[in-house]
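Trainee: Please take a close look at one part of this model, the interior packing. I would like a single connected account of what sits inside and how it is joined up.

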Amino acid sequence: MNVEERFNLIKRNTQEIVKEDELKDLLKSKKQPSVYLGWSITGRPHIAYFIPCIKLADFLKAGFKVKLLLADLHGALDNCPWDVLDKRFEHYKSTISRMFKSIGADITNFEIVKGSDYQLSKPYIMDVLKLSSYTSIHDAKKAGSEVVKFGDNPKLSGLLYPLMQALDEEYLEVDVQYGGVDQRKILMYARDNLHKLGYKSRVEVMTPLVPGLQGKKMSASDPKSKIDLLDTVEDVKKKLNKAYCEEGAIENNGVLGFLKYVIMVLKADNGEKLTIERPEKFGGNLEFNSYDELEKAFIAKKLHPLDLKNSLAHEINQLLKVFDKDRDKLEKKASIAFE
């Protein structure tokens, strides 16, 4: 791929890149740039995690070295009990490898990093303290406001969260940080403050958030809003049957959102169509080559929500087949880690 093709691959389905010209310059000047995504190991991973997995696969195809930070200390700073950090880390690690297998990603240049393996080093701690001396309480709280669960009585730990995430760019030695658009304030904090320690700013890439099954953000803390990676075939069907999907309406529609950012991306990359199976008495099967085609049919009410839900249930269950063999064992460990 040439520079333009690599750039377009990274940009697809993103909401914002800060800054695009910096990304293009990076692609021109460096043979193998590096990117990282950080996951705080708080709630149980759910199917929305396929969105960042697909984007990381895009980075891999574009020739990047990809690092996934499993941020155990960040989890603790955001109210995860200290005594389950290792168990949650292991659950995340065991599910991630299966997710990449499910989407057919080449993970030759992919690495999982545990936060506490380097965040407890003397230089890192010293930089956290230095950065705290340059950061007001107001700015730290503002930076973490969309990510950290501050509550009515905020803890000091939450204020350290964005400082550490900014420093991770330097200590992971990456050129790009990728995250959801809910991370934007932290990413901008990094760009505005790393230079105070003599470190360069990085390119920041953000993807949209997908609505949950109830029409709001898909959340690990709300079982009704998401499908867990270890849900059974029947669990998936039941949850989707109850999902918000008003006929002809696309706003806050998590069913369409997952189709747009996961299923139809995978179909396009594999040169496949999405088939919506319907009885002949209701018009027979429908085939879609792109998400835009599907959305237009849904808006025009040529595609019924129930048919859409049934099709998505099938596609999700195909993705989750990688968990079939070890589901019971993984669920048992997860129940302990996330009790």
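Mentor: Of the contacts in the chain with a separation of 6 or more, 75% are between residues 24 or more positions apart, a contact being heavy atoms within 4.5 Å. This is a predicted model, in which local features need pLDDT of at least 70 and side-chain atom pairs count only at pLDDT 80 or more, while totals for chains, interfaces and linings use all residues. Residues are numbered from 1 along each chain as its sequence is written, and side-chain values use heavy atoms, with hydrogens and water left out.

The overall frame comes next. The chain holds 15 helices and eight strands; these are DSSP runs numbered from the N terminus, helices being H or I of at least four residues and strands E of at least two. Its C-alpha trace spans about 70 × 50 × 35 Å along the principal axes. The radius of gyration is 21 Å, which agrees with the value near 20 Å for a compact globule of 339 residues; it is taken over C-alpha atoms, and the globule rule is 2.2 Å times the number of residues to the power 0.38.

Of the 339 residues, 55% count as buried, meaning under 20% relative accessible area, with exposed over 50% and partly exposed in between (1.4 Å probe, protein chains only). In soluble globular proteins, nonpolar side chains tend to be buried together. Here the largest nonpolar core has 80 residues, and Phe50, Phe59, Phe64, Ile103 and Leu308 touch the most other members. A nonpolar core is a set of buried Ala, Val, Leu, Ile, Met, Phe, Trp, Tyr and Cys residues joined through side-chain atoms within 4.5 Å. Helix 12, residues 254-269, gives the most to this core, with 10 residues. There is also a second, separate core of 28 residues, and Tyr36, Leu163, Met164 and Ala190 are among its members.

Take Phe59 from the largest core. Apart from neighbours within four places in sequence, Phe59 contacts Ile10, Val35, Phe64, Val66, Val176, Tyr178 and Val205.

Ala190, from the second core, is one of the buried residues of helix 10. Helix 10 covers residues 184-193 and is mostly covered, with seven of its 10 residues buried. Besides Ala190, the buried residues of helix 10 are Ile186, Leu187, Met188, Tyr189, Arg191 and Asn193.

Val236 offers another view of the interior. Val236 belongs to helix 11, residues 233-241, and counts as buried because its relative accessible area is 0%. Outside the four places on either side in sequence, Val236 touches Ile227, Asp231, Ala313, Ile316, Asn317 and Leu320. Ile263 is 27 residues from Val236 along the chain, and their C-alpha atoms are 15 Å apart.

Some loop positions can be set beside these buried ones. Asn13 lies in the loop between helix 1 (3-11) and strand 1, and has a positive phi of about 60 degrees although it is not a glycine. Asn13 counts as partly exposed because its relative accessibility is 30%. Asn79, in the loop between helix 4 (72-77) and helix 5 (85-102), has a positive phi of about 80 degrees and is not a glycine either. At 40% relative accessibility, Asn79 is partly exposed. Lys19 sits in the loop between strand 1 (16-18) and helix 2 (20-29), and the peptide bond from Val18 to Lys19 is cis, with omega near 0 degrees.
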